[in-house]
Structure formats: structure tokens, C-alpha cells
Amino acid sequence: MMVDNSDIPEVVARKPLMPEGTGDPELPDDRSVVCEFDNTWYSYGGGEPAVESVSFQVRRGDFAAILGPNGSGKTTLLRLALGLLKPSRGSVELFGESSSRFRDWSRVGYVPQRVEGLGTRFPATVEEIVEQGLYRGFDPLAIFRRHGQKKVLDALEVAGISHLRQRAIESLSVGQRQRALIARAIVGDPELLFLDEPVSGVDAVGRDRFHELISSLNKEHNMTVFLISHDIGAVMQGATVCACINRTVVFHGAPHSLTGEHLSELYGFPVDVLLHDALHEHR
Ligand SMILES: Nc1ncnc2c1ncn2[C@@H]1O[C@H](COP(=O)(O)OP(=O)(O)O)[C@@H](O)[C@H]1O
Ligand SMILES: [Mg+2]
């Protein structure tokens with residue numbers, strides 16, 4: 001079932017992701033909007049829109065999972081959110097400010113889709129890669145000298161790679177590199193963490209552990225998470241809200257109300273059987 005674009009704001013209003021003041025002990029009291037797409041459009045080079053009339057919000061405390069087939073506009077949404085692209089129409093806001101004007105990047109962490117090339121130009125250690133995450137703002141070195149080492153050690157610990165601290169990044173497995181990138185993204189203790197398909201190329205066990213880590217960043221470390229992923233079943237275990245994208249929003253709501261039909265429509269083939277267990281286990 002295709003959601004009529006004009007209905008999206010109403011759907012959001014009627015069925016808030018997590019309404020303010022739910023009294024849910026797992027959620028922060030502050031449920032303000034941290035990222036908002038409002039009738040956002042984007043076309044590369046003025047051609048066919050890659051993103052069309054997308055509207056949804058991510059609130060503080062959410063673990064938002066963004067699902068969609070290849071080429072459906074997920075990474076484009078992320079580039080828009082990070083202010084790397086400007087919407088052709090509509091708006092994208094971070095913490096209530098247009099993302100193209102937003103400057104307070106210490107509040108935001110980002111784990112990119114591709115990790116190839118990382119550390120291949122120079123033999124960086126895991127620790128050095130993670131330290132890079134602190135080099136922001138007007139006086140990063142001063143901050144680093146005062147608190148940096150402790151922050152780096154904490155981030156490595158949270159990411160579960162303390163033991164890899166001195167290793168060359170290029171000597172690590174894909175999954176370990178992803179963790180190093182996560183440590184780099186969280187070392188400044190961001191409020192909002194964006195991740196773009198961080199587990200492609202990681203085996204099933206690595207993916208499960210990875211999703212446990214993201215859930216703990218969300219629940220125990222109070223980070224709002226915006227995760228683009230293909231791993232539907234695993235995402236359902238931790239996500240508090242889900243947006244399915246195929247240029248526009250096909251579904252938006254609580255993961256447990258996402259059905260096999262939504263997913264079949266999204267991916268264009270029946271995924272019902274495949275997903276049955278994953279979805280129903282976590283309802
Ligand atoms: N830099 C670019 N220049 C032109 N077209 C692009 C560029 N990046 C992505 N696209 C196109 O935009 C659409 C959405 O891409 P993308 O956002 O990367 O999708 P996803 O991340 O869901 O796989 C695709 O048709 C893709 O080919
Ligand atoms: Mg992508």
C-alpha cells in the first residue's frame with residue numbers, strides 16, 4: 001500500500017513516533033525533534049528526483065531505522081541531513097536549524113557507508129583514527145590534551161575494541177574497522193548518530209553484535225540513532241521507529257506495525273516468508 005504523500009504529516013500527527021510525556025522510563029523526558037525532513041525533494045543535476053516529497057521526524061531518544069532497496073535515496077537523505085546537499089524543494093533541519101546552515105557538528109556523529117581506503121594511505125592505528133573524531137571546533141588540540149586520551153579510551157571501550165587500540169587499521173577485519181569508525185563517531189559524545197549501512201560486508205555474528213552495540217548507544221548512552229540498514233530483522237530488535245524509503249516514504253511508524261506487504265512493496269518481491277520470523281519474534 002502506497003502512502004499518499006499528502007497524508008504523511010497527518011500520519012505523523014496521529015501516530016507520533018513516541019509522543020512527549022509517555023512516561024516510558026526507557027525514553028528521555030525531552031522528546032524534541034532532532035532531525036526533520038519536511039516535504040523534501042532532491043534531484044542530482046536537475047534530473048529525476050532521487051528524493052521526492054519526504055516528510056518525517058526523528059525525536060530525541062529514537063532509534064530510527066531507514067530501510068529501502070538500493071538506489072532508493074537513503075544515502076541522499078543522509079547527505080541532505082548532513083548539509084552536504086541542499087534540498088531542491090522543502091527543508092531539512094537538524095536541532096531546529098536548516099542543515100545547510102547548521103554548524104554545531106560536535107552534536108552529530110557520522111559513520112559513512114564505505115570504509116575502503118581508510119588507513120591505506122598512511123599506517124594509522126585504531127587509536128589515531130578514533131582521535132580524529134575529536135579534531136573539531138576552534139581549539140581541538142587543547143580539548144584533546146585535557147580530556148582527549150580518556151575520551152578515546154572510553155570510545156574504544158564502548159565500541160568493544162580496546163584491545164585493538166595499537167593495531168594498524170588496515171590489519172583489521174571489516175567488522176573491526178566498522179567499530180573503529182563507530183568509536184571515531186562517538187568519541188565526541190554526539191547527541192545524534194547517523195550510520196549508513198554500516199554492516200554490509202560483516203558476517204551474521206558480527207551483525208548481531210553490531211546491533212547490540214547500536215542499541216546500547218541508544219538506550220544506555222542516550223544517543224539518538226539514525227541507521228540506514230538492509231538488515232531488516234536485526235533492526236527490528238532495537239529500532240523504536242522505522243521509515244521505509246523508495247524515493248518517497250512508503251511506510252513510517254513503529255517497527256511492529258510494519259508488515260510483509262509493506263516490505264514486498266518496498267523491495268518489489270515477496271519478502272514475507274523471509275521476514276516472518278524476524279518480525280514476529282519482536283512484536
Ligand atoms: N552523486 C550522484 N550523482 C548523480 N546521481 C546520484 C548520485 N548519488 C546518487 N545518485 C542517484 O540517486 C539515486 C539515489 O541514490 P542513493 O541515495 O545513493 O540511494 P541508496 O543509498 O538508497 O542506495 C540513485 O538513482 C543514484 O543513482
Ligand atoms: Mg546508500
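Q: How many helices and strands are there in the chain of this predicted model?
A: The model you are looking at is predicted. Along the chain, helices and strands both occur, and the count comes to nine helices and ten strands.

Q: In which order do the strands of the six-stranded open sheet run, and which are the edge strands?
A: This sheet is open, its pairing is mixed, and its order is S6-S7-S8-S3-S9-S10. The twist from one strand to the next averages 15°. Pairing on one side only marks the edge strands, and that picks out strand S6 (108–111) and strand S10 (248–253).

Q: Which residue in S8 is the bridge partner of Leu193?
A: Strand S7 (residues 192–196) and strand S8 (residues 224–228) run parallel and are joined by five bridges. Within that pairing, Leu193 has its bridge partner in S8, and the partner is Val225.

Q: At about what angle to S8 does helix H6 run?
A: Two helices can be followed across this sheet. H2 lies across strand S3 (63–67), S7, S8 and strand S9 (241–246), running at about 150° to S7. Helix H6 (residues 204–219) lies across S3, S7 and S8, and the angle to S8 is about 150°.

Q: Why is one side of S2 and one side of strand S5 left without a neighbour in the sheet?
A: Here we turn to the open sheet of four strands, which has antiparallel pairing and the order S2-S1-S4-S5. S2 and strand S5 (97–98) stand at its edges, so one side of each lacks a neighbour in the sheet, each having a single partner strand.

Q: Which residue in the turn between S1 and S2 has a positive phi?
A: Strand S1 (residues 33–43) and strand S2 (residues 49–59) run antiparallel and are joined by seven bridges, with Gln57 in S2 as the bridge partner of Glu36. The two strands form a hairpin with five residues between them. In that turn, the residue with a positive phi, about 60°, is Gly45.

Q: Which residue in S4 stands opposite Asp38?
A: S1 also pairs with strand S4 (residues 89–94), in the antiparallel sense and over five bridges. Opposite Asp38, in S4, stands Ser91.

Q: Which helix gives the most to the shell around ligand 1?
A: The residues around ligand 1 are Tyr44, Ala50, Gly68, Asn70, Gly71, Ser72, Gly73, Lys74, Thr75 and Thr76. They divide into two nonpolar, seven polar and one charged. Three residues of this shell come from the element that gives the most, helix H2 (residues 74–81).

Q: Which helix gives the most to the largest nonpolar core?
A: The largest nonpolar core has 71 residues, and Ala64, Ile66, Ala183 and Leu227 touch the most other members. The helix that gives the most to this core does so with six residues, and that is helix H5 (residues 174–186).

Q: Which residues is Ile66 in contact with, leaving aside its neighbours within four places in sequence?
A: Ile66 is one of the core residues that touch the most other members. With neighbours within four places in sequence set aside, its contacts are Lys74, Leu77, Phe226, Leu227, Ile228, Ala243 and Ile245.

Q: What percentage of the residues in the chain is buried?
A: A residue counts as buried if 20 or more other C-beta atoms lie within 10 Å of its own. Of the 283 residues in the chain, the buried ones make up 41%.

Note on methods
Residues are numbered from 1 along each chain as its sequence is written. Chains are lettered from A and ligands numbered from 1 in the order in which they are written. This is a predicted model: local features need pLDDT of at least 70, side-chain atom pairs count only at pLDDT 80 or more; totals for chains, interfaces and linings use all residues. A residue is near a molecule or strand if its C-beta atom, placed from the backbone, lies within 6 Å of it. Ala, Val, Leu, Ile, Met, Phe, Trp, Tyr, Cys and Pro count as nonpolar, Asp, Glu, Lys and Arg as charged, and the others, Gly among them, as polar. Two strands pair if DSSP finds at least two bridges between them. Axes are lines fitted to C-alpha atoms, for helices over the stretch in contact, and angles run from 0 to 180 degrees between N-to-C directions. Two residues are in contact if their C-beta atoms, placed from the backbone, lie within 7 Å. A nonpolar core is a set of buried Ala, Val, Leu, Ile, Met, Phe, Trp, Tyr and Cys residues joined through C-beta atoms within 7 Å. A residue is buried if 20 or more other C-beta atoms lie within 10 Å of its own, exposed if 12 or fewer, and partly exposed in between; C-beta atoms are placed from the backbone.
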